[in-house]
Amino acid sequence: MVQISLAILTSFVQVRLAWRYSSIQRIVLSVSFRKIDRDAPMQPQQNNLLETDLLKTFVTISETGNFTVAAKRVFRTPSAVSMQIRRLEDQLGRALFVRHPRHVTLTADGEAFLVHAKDILRINDEALSRFRVPQLEGRVRFGAPDDFGVRYLPAILSRFAATHPLVEVEVFLSTSVNLARRFEAAEIDMILTVSAQSDPAPGEVIHSEPLVWVGARDGMAFCRTPVPLALSSHGCPWRAAALAALDKAGRRYRIAYTSEAAAGQLAAVMADLAIAPLPVSLVDEQHRRLTEKDGFAAIGSYQLRLQKNPDIGSAAQAFADHVRESFGRHE
């Protein structure tokens, strides 16, 4: 009976050892197959949360084109920055940078991901600002030229409402002359006004942009003599700067259309009835930018200035800071 028990026990021990050996083999094999081949297509990891630290490092490298320079900006070592990018690439399953001897460039996937990374960081900052900044209440009276109101105000107001939902913003859109008059009468807390680069106008410069001559893409208005112009109203620095450039070049002209808004000038341009001096940001594929080769001298730049009353409250001051920051992002 003892011999039978020993035999059974011996067999059990052998089977147990064989099973453990087999398990070890499977573990070794599974580990050996996890060796990463950087030349092979990358497989994304299962972590679905993108870390903002990794995104900040990625955006900084894309801006500097250099791991070492980016490491100094994010206060990390170059090796730590390299590890961060490896983690991000492993998580996405895509290579984000092409490594060169002294710099890096974004891959096609990297360029596509850069847009998302900036959006995520922006939303993250807005969310933190929404809850970290003390809740302000009050009313802000803000004036801006019509053209800038249409182009920039929607984004400015949307971001400000996200961080200061209890502040009421009253917007006045008009010409710079009318806005300045109401500002002097203390009817508006702050205004944006347009001035020529050389004019000693009051206020803080928050945006500057070149003025260029614009015609219809396939138009011929610029060839006519005298050349027909679509200009802004009297008192606008764009008008004065454009006419001064033509007078200096000795170019004959006639004022064919006048509009307080750039939209009216663009309408005449698109109908090939005139050319107009406009901000370069308004030029698109439908327009032709006229240069000295076409016989039109450079006009110069204009400035957008922010004026605010000295005794504005904290809500108005927060809005002024937000407007300044918004144009800084645009730059």
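Visitor: In this model, are Phe 58 and Phe 113 buried or exposed?

Guide: In this predicted model, Phe 58 is buried and so is Phe 113, the term being reserved for residues under 20% relative accessible area.

Visitor: What makes Phe 58 and Phe 113 an aromatic pair, and why is the pair called tilted?

Guide: Their ring centres lie 5.3 Å apart, and since rings pair if their centres lie within 6.5 Å, the two form a pair; the angle between the planes is 55°, which is neither under 30 degrees, as stacked would require, nor over 60, as edge-to-face would require, and therefore the pair counts as tilted. This pair links distant parts of the chain, with Phe 58 in helix α2 and Phe 113 in helix α5, 55 residues apart, and ring pairs join both residues with Phe 67 and Phe 97 in a cluster.

Visitor: How do you know that the charged end of Arg 251 sits over the ring of Phe 296?

Guide: The charged end of Arg 251 is 4.4 Å from the centre of the Phe 296 ring, and the distance allowed is within 6 Å.

Visitor: What makes β7 and β8 paired strands?

Guide: Five bridges join the two strands, which run parallel, where pairing asks for at least two; in one of these, Val 227 has Tyr 253 of β8 as its bridge partner. Together with helix α8, these strands make a right-handed β-α-β unit.

Visitor: Why are the buried residues of α9 said to line one face of the helix?

Guide: The buried residues are Ala 262, Gln 265, Leu 266, Ala 268 and Val 269, and seen down the axis of α9 they fall within an arc of 160°, so they line one face. Those residues pack against several elements, including α6, β7 and β8.

Methods. Residues numbered from 1 in each chain as written. Predicted model: local features only at pLDDT ≥ 70, side-chain atom pairs only at ≥ 80, totals over all residues. Heavy atoms only, no water. Phe/Tyr/Trp six-rings, centres within 6.5 Å; stacked < 30°, edge-to-face > 60°. Helix = DSSP H or I, 4+ residues; strand = E, 2+ residues; numbered from the N terminus. Buried < 20%, exposed > 50% of the residue type's maximum accessible area, 1.4 Å probe, protein only. Lys NZ or Arg CZ within 6 Å of the ring centre and 35° of its normal. Right-handed = clockwise from strand over helix to strand, strands pointing away. Arc of directions from axis to C-beta. Contact = heavy atoms within 4.5 Å.
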